[in-house]
Amino acid sequence: MKTLLNKLLPALLLLLFAAGPAPAEPLLNWTLSLDRDVLPAGHREKAVIKINLDVPEIPHEFSRPPVNLTLVLDRSGSMAGDKIAKAREAAITALRMLGPQDLFSLVIYDHNVRTLVPPQSAANSEWIEAQIRRIGVGGNTALFGAVSQGAAEIRKHLEGSYIQRIVLLSDGLANVGPSSPSDLARLGAALLKEGISVTTIGIGNGFNEDLMTQLADRSDGNHYFVESSVDLPRIFAAELGDVLSVAARRITIEIETPPEVRPLRIIGREGIIRNNRVEIHLNQLYGGQDKYALVEVEVPPGQPDQVQKLADVRCSYENALTRKAERLTDLASVRFSQRREEVIQSANKPVLKAVVENEMAASRDRALDLYNAGRKDEAVQELQQSSGELKSRSGSLGFNDLAKEADTLQQDAATFAAPAPVPSTIKKELRSESYKVRKQQKDY
Amino acid sequence: MYRPKLIILAWLLLLVPTLLLGVGALRLLQGEETRLASSSRSAANDRLQAIAGNIDLAIAEVQDGLMETLRSLPDGDLLDQLDQWKLSNPLVRNVFIWQPGHGLLFPDPTHPASDEEAAFVRRYLPLFSDPTGWRQTASEERGAPQRSAASSNILQERKELRQLAKQAPAAEPSNRATVAAPLAPAALAKPAPLPRGGESGWRSWYADDQLHLLGWFAPGGEQRRYGLEIEMMALLSRLLGNLPRQLPAGESFALLDGNGRIFHQVGRFEVTPKSRPLASVPVPSLPHWQVAAYRNPQGAGSRGGILLIGSLLIGTFSLAILLGGSLLLWQAWRNQRDARQKTSFVSNVSHELKTPLTTIRMYAEMLGEGTIKEERKRDNYLQTIVKESQRLTRLVNNLLDFSRLEQGRRQYHLEQVDLNRLLLALIEQQQPRLTEAGLTIELDVPEQTLTLASDRDALEQIILNLLDNAIKYAGAGKSLSIELSGEAGRVRLRLRDYGPGIPAAHRQRIFDKFHRVDNSLTTRQQGSGLGLSIARQLAEGLGGELRYLPVQSAGSCFELSLPQPGD
């Protein structure tokens with residue numbers, strides 16, 4: 001008996017320790033839902049899977065992770081007057097929201113890029129504020145160089161538990177250095193790989209909205225279109241609110257479909273679809289803000305009452321509070337039915353609402369791209385087509401309010417078709433609104 | 001002795017060397033300027049070489065590091081490894097696997113997994129469909145200047161240093177591995193995978209008007225190649241720090257892309273596409289890219305600034321020398337002239353004194369001999385003696401006045417003077433001489449007598465000198481008109497003669513002391529050349545002025561004007 005126990009004990013201990021401590025509750029909750037839980041039997045169908053990540057507010061007993069923030073401020077000549085005054089105020093607002101454990105740095109740029117405040121604890125607020133108040137205006141706009149320098153300042157503290165954020169404020173076109181949206185998009189994508197997100201704030205009517213939204217999009221930052229400089233402090237406060245409430249980082253959503261199901265596209269977000277795998281990356285999730293992804297798949301014809309697995313869905317992320325990796329897994333499946341009413345009743349309005357909104361946003365973006373490329377008629381066509389499709393889809397499921405919403409694309413089509421060029425403000429509004437929908441950015 | 005030629009020679013002797021000196025200095029300055037410009041250009045060049053070298057080195061090291069990782073990827077699981085590498089490394093934009101005969105295996109050209117992959121396939125279509133395209137063509141290589149041997153050496157040395165630094169302690173076979181510890185340590189670190197043998201290379205590629213860099217590796221014994229596309233924006237973004245941060249005002253540097261567009265600039269003054277660089281140096285790893293240095297065209301000390309200031313200084317200095325020298329020479333000339341004048345003055349005065357003296361002595365001797373019997377003759381002789389004495393007195397008075405005026409010791413005693421009476425008395429006194437000269441006086445005086453508070457003697461002297469001149473020089477004109485008037489607080493006396501007049505060139509100079517118009521008239525007449533000079537100085541001393549008025553026909557007109565303050 002004793003020898004048996006002697007042999008068993010190490011094995012038991014080993015088992016105990018190898019199993020590790022009991023896994024804690026994952027921070028995130030999520031829901032997988034479909035646009036229609038029941039599909040008509042006998043035909044090839046399309047289904048949309050909505051992966052909704054519910055991010056709770058950060059519990060009080062946890063201290064929020066420290067933040068490594070770099071502000072990149074445009075001080076080109078066009079910022080003179082109210083704009084630069086409000087920008088200074090906004091920068092001070094942001095600084096005051098940080099704590100001593102946070103790092104703050106400030107890069108100012110015109111045609112020349114300069115680090116005004118090297119990365120340091122936000123506790124040195126007096127000295128930092130004095131520097132901020134001294135910002136004056138200058139020449140042209142070297143946006144690429146400025147973002148590069150901001151990233152260099154961030155990298156000085158890239159290791160560690162910091163939430164890395166660059167906030168870029170600009171009122172003008174980038175006219176020194178790379179200025180095409182695709183170039184800045186590549187920079188954004190590279191920064192995302194390092195875990196750095198760039199939030200872009202465009203003020204006034206002169207900035208390049210394509211460039212600013214692309215940079216933010218690819219690096220998973222926020223984007224704000226600010227018409228009046230008076231709103232700047234409020235915008236900065238909202239942005240800081242997000243940064244200070246990061247609950248999860250480096251989120252990867254993987255969707256794997258069985259061989260018979262084919263992933264078609266991701267609606268509203270960037271991602272990779274390779275054979276039967278879909279991958280979507282997000283850089284961070286904010287406490288109290290839900291974000292979702294929409295994936296459309298093609299389903300082979302099914303028999304009535306057959307249950308078809310649509311996908312295995314995995315979500316892995318780093319819990320920003322505990323710095324531990326966490327993982328969620330689930331699967332989505334759909335049922336078939338002969339009865340039309342069952343199909344209609346199974347429609348999930350929230351999912352469809354999300355689909356319609358995102359399709360509309362994506363359509364507006366595509367139309368803007370076509371319009372800016374000089375293909376005006378195709379742009380109008382794009383909007384009209386999307387409008388029709390979404391209307392009929394919503395209507396057939398009995399959601400007339402959604403159909404009405406889809407109809408508003410016709411107004412946009414009219415604006416684009418008009419002989420006068422689309423005003424710059426409208427373009428900026430379209431881009432920023434579409435951005436907010438596709439990224440589920442909180443309204444400020 | 002009067003030698004104008006000497007003075008002119010002296011002046012030339014001053015002028016020519018000064019000019020030569022000035023020109024020489026300017027040439028030296030220009031030479032300095034050129035030397036400075038070329039020296040600053042070469043300094044900028046050196047700096048640019050260093051910057052370009054740094055950038056090149058950084059890129060080469062990045063390429064080295066990436067290639068090493070590529071070569072070390074294990075064979076099995078290659079696709080996953082490549083994909084993971086792409087997802088995690090900011091410098092890797094895209095990865096690919098290619099096989100001759102099959103073309104691009106990954107990404108799948110028919111089913112790109114994202115827009116970015118689709119764009120990648122499009123971008124490199126010509127390369128992937130042409131198996132001979134993997135080597136850089138000769139024409140392309142010309143666009144990228146080869147790295148210098150020195151640079152390549154540095155690269156190699158740094159690489160070896162890095163390898164050395166990364167060498168981990170040799171893994172010992174563990175003696176403790178037999179007992180399974182309860183807390184089993186994590187699996188021993190996997191031995192670093194060794195890079196595999198085979199060909200590899202880097203290819204620069206142009207698409208969408210931009211430079212792209214592709215690295216490939218063909219493992220030995222295999223047909224296929226795999227590799228990566230560098231994320232140019234991420235790479236370049238990190239290289240911007242190689243441009244100097246602190247620059248003196250007026251200097252700027254810029255990184256120019258393959259199309260000559262400014263990619264990034266540092267320095268306070270703005271570089272525009274129109275700016276011309278002071279110097280530029282190509283970057284070996286980035287074909288057609290360059291780093292360039294700029295100088296602010298408006299900055300101080302820039303080209304032409306030193307030249308301008310220097311020229312101004314030299315010019316001013318030369319001018320000062322010339323002016324000073326000319327001033328001295330002019331003074332010397334004036335001194336010579338003054339000396340000449342004084343000499344001729346002394347000679348004139350001597351003659352003027354001698355003539356009446358001789359007459360006086362002659363007549364006095366004759367009277368003294370007692371040989372003159374006729375009463376009338378005796379009276380005549382005595383009158384002549386008196387006249388000549390008076391003449392002497394006048395002359396001496398003038399000289400005395402002159403001397404006092406020169407020393408500033410002439411004092412004016414003011415009293416109420418009846419001008420009409422004064423004028424008439426003078427004319428009467430000089431009547432004999434006037435008649436002798438053939439001059440008739442036309443007098444025009446106001447009915448109401450003019451009174452003036454003034455110095456009697458000075459007034460008399462002035463009018464006397466004027467009359468004297470008229471008698472001596474204007475006799476041919478037959479008539480002399482004298483006009484006295486007073487209005488608007490001023491008293492005017494005009495003397496107008498109809499003689500030969502005064503040539504235009506002398507009209508100012510006649511009031512200079514010792515000045516006599518040099519003509520046949522004056523050579524015949526004795527004169528000291530002081531009369532008008534004294535008269536004018538006296539007039540000014542009385543608060544008025546004496547001037548010459550030009551007249552229509554022949555003759556001259558002199559006007560004495562004095563202030564008559566109201567009672």
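**Two chains, questioned**

Student: Which residue is the bridge partner of A:Leu69 in S5(A)?

Tutor: A:Phe104 is the bridge partner of A:Leu69. Keep in mind that this is a predicted model.

Student: How do you know that strand S4 and strand S5 of chain A pair?

Tutor: Two strands pair if DSSP finds at least two bridges between them. S4 (residues 67–74) and S5 (residues 103–109) of chain A have seven bridges. The criterion is met, and the sense is parallel.

Student: What makes strands S6 and S9 of chain A edge strands?

Tutor: Look at the strand order first. The sheet has six strands and runs S6-S5-S4-S7-S8-S9 in chain A. S6 (113–121) and S9 (223–226) each pair on one side only. That earns them the name of edge strands. The sheet is open, and its pairing is mixed. From one strand to the next, the twist averages 15°.

Student: What holds the strands of a sheet together, in general?

Tutor: Backbone hydrogen bonds pair them, parallel or antiparallel.

Student: Which strands of chain A pair with S14 in the antiparallel sense?

Tutor: S3 (residues 45–54) pairs with S14 (residues 291–299) in the antiparallel sense over nine bridges. Within that pair, A:Ile51 is matched with A:Ala293. S11 (residues 262–267) also runs antiparallel to S14(A), over five bridges. Opposite A:Val297 of S14(A) stands A:Pro263. Both pairs pass the test, because at least two bridges are needed.

Student: How do you know whether chain A agrees with a compact globule?

Tutor: Set its radius of gyration against the rule. For 444 residues the rule gives a value near 22 Å, and chain A has 25 Å, so the two agree. The C-alpha atoms fill a box of roughly 80 × 70 × 35 Å along the principal axes. Buried residues make up 48% of chain A. Of its contacts between residues at least 6 apart in sequence, 76% join residues at least 24 apart.

Student: Is chain B more spread out or more compact than a compact globule?

Tutor: Chain B has 13 helices and 16 strands. The radius of gyration of chain B is 55 Å, and the rule gives 24 Å for 567 residues, so chain B is more spread out than a compact globule. Its C-alpha box is roughly 175 × 55 × 50 Å. Of its 567 residues, 23% count as buried. For chain B, 64% of the contacts between residues at least 6 apart in sequence join residues at least 24 apart.

Student: Why is helix H7 of chain B called largely enclosed?

Tutor: A residue is buried if 20 or more other C-beta atoms lie within 10 Å of its own. Seven of the eight residues of H7 (residues 232–239) are buried, so the rest of the structure largely encloses the helix. The buried residues are B:Met232, B:Met233, B:Ala234, B:Leu235, B:Leu236, B:Ser237 and B:Leu239.

Student: What covers the buried residues of H7(B)?

Tutor: Elements of both chains do. From chain A, the cover includes helix H4 (143–155) and helix H5 (181–193). From chain B, it includes helix H1 (4–72) and strands S4 (210–219), S5 (225–230) and S7 (262–266).

Student: How many residues of chain B are in contact with chain A?

Tutor: There are 22 from chain B, in contact with 26 residues of chain A. H7 and S7 of chain B each supply at least two residues of chain B's side. S7(B) gives the largest share, with five residues.

Student: Which residues touch the most other members of the largest nonpolar core?

Tutor: They are A:Ile49, A:Val72 and A:Val147, in a core of 174 residues. Helix H9 (residues 349–372) of chain A gives the most to this core, with 11 residues. A second, separate core has 30 residues, including B:Ala458, B:Leu459, B:Ile463 and B:Leu546.

Student: What is A:Val72 in contact with, leaving aside its neighbours within four places in sequence?

Tutor: Contact needs C-beta atoms within 7 Å. The residues that pass for A:Val72 include A:Val107, A:Tyr109, A:Ala146, A:Val147 and A:Gly150. A:Ile166, A:Val167, A:Leu168 and A:Leu169 are also among them.

Student: What separates domain 1 and domain 3 of chain A, centre to centre?

Tutor: The C-alpha centres are 26 Å apart. Their contact takes five residues from domain 1 and seven residues from domain 3. The domain assignment gives domain 1 as 25–47 + 247–289 + 296–338, domain 2 as 67–244 and domain 3 as 349–437.

Methods
Residues are numbered from 1 along each chain as its sequence is written. Chains are lettered from A and ligands numbered from 1 in the order in which they are written. This is a predicted model: local features need pLDDT of at least 70, side-chain atom pairs count only at pLDDT 80 or more; totals for chains, interfaces and linings use all residues. Helices (H or I, at least four residues) and strands (E, at least two) are DSSP runs, numbered from the N terminus. Axes are lines fitted to C-alpha atoms, for helices over the stretch in contact, and angles run from 0 to 180 degrees between N-to-C directions. The radius of gyration is taken over C-alpha atoms; the globule rule is 2.2 Å times the number of residues to the power 0.38. A residue is buried if 20 or more other C-beta atoms lie within 10 Å of its own, exposed if 12 or fewer, and partly exposed in between; C-beta atoms are placed from the backbone. Two residues are in contact if their C-beta atoms, placed from the backbone, lie within 7 Å. A nonpolar core is a set of buried Ala, Val, Leu, Ile, Met, Phe, Trp, Tyr and Cys residues joined through C-beta atoms within 7 Å. Domain bounds come from an automatic or database domain assignment.
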